[in-house]
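Subject: Structure for your review

Dear colleague,

Please find below the structure that I am handing over to you, together with its sequence. My findings follow it.

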Amino acid sequence: MSDVPFGFGPSDRDPDRDRGRDEGGEGGNEGPKDPFGFGNLPGGRQFPGIPGMPGMPGMPGMPGGGPGGFDVGQLGQMLSQLGQMLSSASQTGGGEGPVNYDLAAQMATQQLAQTTSSLTAAQRTAVADALKLAELWLDPATEFPAGAAETVAWTPTDWVKASMPTWKRLCDPVAQRVSGAWVEGLPEEIRSAAGPMLAMIGQMGGLAFGSQLGSGLGQLAAEVLTGTEVGFPVGPERTAALLPEAIEKFTEGLDRPASEVMIFLAAREAAHHRLFAHVPWLRERLLGAVEDYARGITVDTSRIEDMARQIDPSNPASIQEAMQSGMFEPQTTPEQKAALARLETLLALIEGWVDTVVAEGVGERLPGAGAMRETLRRRRASGGPAEQAFASIVGLELRPRKLRAAAELWKLLGEERGIEGRDAVWAHPDLLPDSDDLDDPAGFVQHRDTADPIAELEKQFAAEAAEAAEAAEQEKPEEPETPGAADTPEATDGPDDGSGKGDEGGSGPKA
């Protein structure tokens with residue numbers, strides 16, 4: 001698997017380093033030091049450049065520089081790439097928003113055109129048959145019925161086109177905040193004076209993001225095996241998809257028949273669709289965690305100002321030192337770390353449930369199911385499509401330990417409460433295990449074994465309704481007390497005018 005999915009993250013991912021982090025229980029939720037990072041420095045540090053703009057290779061002292069640290073060849077290459085982006089943008093119409101998705105789609109399809117061929121009728125038939133058989137085998141393994149209304153075979157180019165709306169939803173929040181956070185910190189007078197320039201920089205940022213996204217998607221599309229391998233369905237709703245070309249390449253490294261591999265992957269695809277089709281809040285909650293993270297992206301402009309005062313324009317070394325200091329890096333807040341923790345836990349629960357259901361549904365029917373299950377676990381641990389995608393967008397490193405713990409939790413829950421009780425946990429997000437529960441799957445299952453999830457949910461709804469009613473009662477404005485008839489002066493004595501009307505006017509009690 002490749003290490004740089006979209007070209008946004010660091011290019012020096014070290015499996016040994018990642019393994020150490022996983023075993024130590026650290027990492028995974030820290031967020032990117034430079035989301036959508038542009039360029040890399042020695043040791044994996046990111047060259048920040050201008051937010052929303054591509055990296056600038058060939059700066060003094062950068063790797064590969066020529067005499068004096070300046071590489072004219074790299075500068076020419078950068079300008080050539082910039083010209084290509086501008087030319088492509090004019091042909092695609094530019095696109096709206098912080099990322100030029102038209103350019104991204106064009107670059108990805110052009111990149112794939114050299115290696116992608118049309119699918120044969122036999123490949124399409126094999127996909128349809130595998131998904132049909134997988135659905136039958138999954139029926140006894142879960143309470144959720146089949147969720148896919150259509151089954152298709154995709155080429156990598158088909159995957160790019162079908163998934164682009166999803167990438168727009170995922171990338172927009174982060175790209176918008178990354179490209180705009182530093183502008184928001186500028187004084188109003190500077191923003192007003194630099195209005196046209198800021199607009200141009202924003203357009204260039206969209207081109208840069210679009211170019212990197214297109215290159216990354218082209219690379220990722222050649223590796224994905226199914227429409228849900230990134231952790232959730234990226235294509236049209238209720239459309240189950242397999243990519244025969246990638247599956248054939250994947251099968252070459254396995255000692256299993258191609259038909260067996262196809263069915264196993266079809267079962268995973270079908271299980272994902274069952275879960276997302278019958279847990280309607282799941283997709284929005286997952287995407288919402290990315291948006292929660294993005295809302296917290298800010299850049300400390302006061303720090304930039306302080307660093308700028310220390311830069312000597314005549315000394316290139318001081319400029320490079322300032323750029324390497326990370327002054328453009330967004331500062332990860334506690335709220336962002338919490339959002340990443342929720343995202344990692346939810347992705348682990350999804351993967352763990354699918355892993356468990358597929359193992360129960362096809363384990364006894366496919367001799368090599370156990371071996372393929374372990375192969376996919378190693379694939380994820382070394383940086384599978386899901387790991388690549390979320391590492392690129394929010395800097396999240398999915399820890400294999402969490403995935404294994406989630407699978408163990410769902411397995412134990414099924415053994416203790418049966419399939420119905422296990423799947424009932426998806427009835428409401430508040431019933432799901434949290435990160436602490438994944439550290440102690442047996443403890444969560446023991447707690448769930450003493451309580452009915454549905455009854456607990458109903459009790460929670462009743463408590464919430466009572467709290468809402470109490471809050472509404474407290475907020476209700478108090479009506480001014482109207483003096484009672486017996487308390488009014490007219491009621492007691494009546495007007496002292498000798499007319500006797502005080503007792504007849506209805507103001508007081510009649511004698």
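Residues 1-5 have pLDDT under 50 throughout, and the model has 23 contacts beyond four places in sequence for them. Please bear in mind that this is a predicted model. Residues 7-27 likewise stay under 50 in pLDDT, with 38 contacts beyond four places in sequence. Over the chain, the mean pLDDT is 75, and 60% of the residues reach 70 or more.

Aromatic pairs

The search of the whole structure returned five aromatic pairs. One of them joins W281 and W426: the ring centres are 6.4 Å apart and the planes stand at 35°, so this pair is classed as tilted, the range for that class lying between the stacked limit of 30 degrees and the edge-to-face limit of 60. W281 sits in the loop between α9 (258-278) and α10 (282-295), while W426 sits in the loop between α16 (400-424) and α17 (435-439); the pair therefore ties together parts that are 145 residues apart in sequence. Both W281 and W426 are buried.

W426 also pairs with W410. Here the ring centres are 5.2 Å apart and the planes are at 15°, so the pair is stacked. Because W410 belongs to helix α16 and W426 to the loop between α16 and α17, this pair ties together parts that are 16 residues apart in sequence. W410 has a relative accessibility of 0% and so counts as buried; the relative accessible area of W426 is 2%. Taken together, the ring pairs link W281, W410 and W426 into a cluster.

A buried lysine

Helix α16 also holds K402. Is this residue buried or exposed? K402 counts as buried because its relative accessibility is 4%, and the cut-off for buried is under 20%. The side chain of K402 makes a polar contact with the side chain of S435, at 2.8 Å. Leaving aside residues up to four places away in sequence, K402 touches E344, A348, S435, L438 and D439.

Salt bridges

How many salt bridges does a search of the whole structure find? The search finds 18. Among them is the bridge between D292 and R342, whose closest N and O atoms are 3.2 Å apart. D292 is in helix α10 and R342 in helix α13 (residues 334-362), so this pair ties together parts that are 50 residues apart in sequence. Both ends are partly exposed: D292 has a relative accessibility of 29%, and R342 has a relative accessible area of 40%.

A further bridge joins E351 to R380, with the closest N and O atoms 2.8 Å apart. The pair links distant parts of the chain, E351 being in helix α13 and R380 in helix α14 (residues 369-381), 29 residues apart. E351 counts as buried at 9% relative accessibility, and R380 is buried with a relative accessible area of 14%.

R422 and D423 form another salt bridge, in which the closest N and O atoms are 2.9 Å apart. R422 counts as buried at 0% relative accessibility, as does D423 at 4%. Finally, E135, D139 and R274 are linked in a network of salt bridges.

With kind regards

Terms used:
Residues are numbered from 1 along each chain as its sequence is written. This is a predicted model: local features need pLDDT of at least 70, side-chain atom pairs count only at pLDDT 80 or more; totals for chains, interfaces and linings use all residues. Side-chain values use heavy atoms; hydrogens and water are left out. Rings of Phe, Tyr and Trp (its six-membered ring) pair if their centres lie within 6.5 Å; planes under 30 degrees apart count as stacked, over 60 as edge-to-face and the rest as tilted. Helices (H or I, at least four residues) and strands (E, at least two) are DSSP runs, numbered from the N terminus. Buried means under 20% relative accessible area, exposed over 50%, partly exposed in between (1.4 Å probe, protein chains only). pLDDT is the predictor's confidence in each residue, from 0 to 100. Contact means heavy atoms within 4.5 Å. A polar contact is a pair of N or O atoms within 3.5 Å; within protein, one must be able to donate a hydrogen and the other to accept it, and residues adjacent in sequence count only if both atoms are side-chain atoms. A salt bridge is a side-chain nitrogen of Lys or Arg within 4 Å of a carboxyl oxygen of Asp or Glu.
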